[in-house]
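Let's take a walk through this structure, one side chain at a time. Have a look at the model first, and then we'll pick it apart.

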Amino acid sequence: MAIELKFEKKDLRNSGLLKTHARFVFSPLNELFCSLHVLKNSDHRGMLISWKLEAISQLDTLLINDMNYFSPLYEFGVPNFLIPGLNQNVTTLSEEIDCLKQRFTDRSTESFVRAFVVNRNSKQQAFLPSNQRKWEWDQFDQSHDNLLNDLLNDPKEVIERFFHFIERYNDLIFNAIWEKAHIADILKHEVDRQSKILKTLGFSEVIHELDNDKIFWNGKKVMIYQPFAKEHYISSQDVIHFVPSYFIWPHLSIQNIHNGIVITYDLSKRTIQQTNNIEMEKILKAVGDGTRIQILNFLKQMENTTQGMAQLLSLSESTVSRDLNILKSAGLVSSRRVNKYVLYHVTTTITDLIPSFFDNLPNEYSN
């Protein structure tokens, strides 16, 4: 059995028109919600078991309570009204969270309540077989009713609690794996790669390059293999939003939105390995230079500015700035602003890769 996404005849006859029905989306916030789904569900997450066990050990009572309380929002697919990245380009998690906050500022809180109710009802009707509908909501242990009642009674307080929850979860749990596994680079690489394939080779090749045995293009329609059957017509105005995910593996999430379909799909092991190889190459190129090794060695011992590093190395600020950008692009250094100063420091990336990297380098500040 399968979900069938059918297109208008004019679109099928014109490959250019068919391309307009696909868009690839980078959404850090979607990944955060997918990671919460992993923490609450142990099935079919073999590659993430180690992370899950470590993350659970760090959860405090407040996070656990909030994770259960808000679970109806991400337990079975993330509702599109919580993903600004579907409608606007974002580059970081904090940027997407700010976009979501602005969305609540621009709209009344009642719109969030309506969206939640609509999303809850649609889950019981669209893309779910009848024998799964009752099971899905039973898993919430009535938490969806608690959340709905609180939204109806005091939506402002619920929304404030919601943002406090996701920001605290990011600080304590999510950001660590986001940085360590280079998930942003992996997802951006996939979005860029598939967007180029779509532009140059067309819609059918994109489906093939997803490398997902649950999605198939038969020349007329997209077949998404699920344990139930359903048909959905893609109008001339509809778009299929493809959202790659590191955490959703090996599942596939599908949901209706007002202007089409959102398909959150897993990145294949091949794609992740390919991206990891690219990142490894970038790191090795970054440290394959004596000046940049000196910069890393200085910054390992003490934070410093571009101007300070230029003085220590007797180089121009522009030269040091260029090398810092190379190191930062490879994830080897990071920065923070203190008043008018930008201070750079070493990340753990190089020692995660080569634990003894700094062992044989001199203590520059003691000389």
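Start with two phenylalanines: Phe 70 and Phe 162 are both buried. Keep in mind as you look that this is a predicted model. Their neighbourhood has a charged visitor too, if you step back along the chain: the charged end of Arg 161 sits over the ring of Tyr 69, at 3.9 Å from the ring's centre.

Now for the rings in general. How many aromatic pairs does a search of the whole structure find? The tally is 21. A pair of aromatic rings is described by how far apart the centres are and by the angle of the planes. Take Phe 7 and Trp 217, an edge-to-face pair with 5.8 Å from centre to centre and 75 degrees between the planes. Phe 7 belongs to strand β1 (residues 2–7) and Trp 217 to strand β3 (residues 215–217), so this pair ties together parts that lie 210 residues apart in sequence. Both Phe 7 and Trp 217 are buried.

Back to Phe 70 and Phe 162, which make an edge-to-face pair as well: 5.4 Å centre to centre, with 65 degrees between the planes. Phe 70 comes from the loop between α5 (61–69) and α6 (93–106), while Phe 162 is in helix α10, so the pair ties together parts 92 residues apart in sequence.

Follow α10 (155–180) onward and you get to the loop before α11 (183–201), where His 182 lies. Is His 182 buried or exposed? Its relative accessible area is 18%, so it falls on the buried side of the 20% cut-off. Setting aside neighbours within four places in sequence, His 182 is in contact with Ile 177 and Thr 349.

Next stop is strand β10 (residues 341–346), home of Tyr 344. Tyr 344 counts as buried because its relative accessibility is 13%. Leaving out neighbours within four places in sequence, Tyr 344 has contacts that include Leu 299, Glu 303, Leu 324 and Val 333. The Leu 299 contact spans 45 residues in sequence, yet the C-alpha atoms of Tyr 344 and Leu 299 are 6.9 Å apart in space. For another charge over a ring, go to Lys 300, which lies over the face of Phe 358 at 5.6 Å from the ring centre.

Last, the cysteines. Cys 34 is buried, at 9% relative accessible area, and Cys 99 counts as buried at 17%. As for disulfides, with sulfur atoms required to be within 2.5 Å, the count comes to zero.

Note on methods: Residues are numbered from 1 along each chain as its sequence is written. This is a predicted model: local features need pLDDT of at least 70, side-chain atom pairs count only at pLDDT 80 or more; totals for chains, interfaces and linings use all residues. Side-chain values use heavy atoms; hydrogens and water are left out. Buried means under 20% relative accessible area, exposed over 50%, partly exposed in between (1.4 Å probe, protein chains only). Helices (H or I, at least four residues) and strands (E, at least two) are DSSP runs, numbered from the N terminus. Contact means heavy atoms within 4.5 Å. Rings of Phe, Tyr and Trp (its six-membered ring) pair if their centres lie within 6.5 Å; planes under 30 degrees apart count as stacked, over 60 as edge-to-face and the rest as tilted. A charge sits over a ring if NZ of Lys or CZ of Arg is within 6 Å of the ring centre and within 35 degrees of the ring normal.
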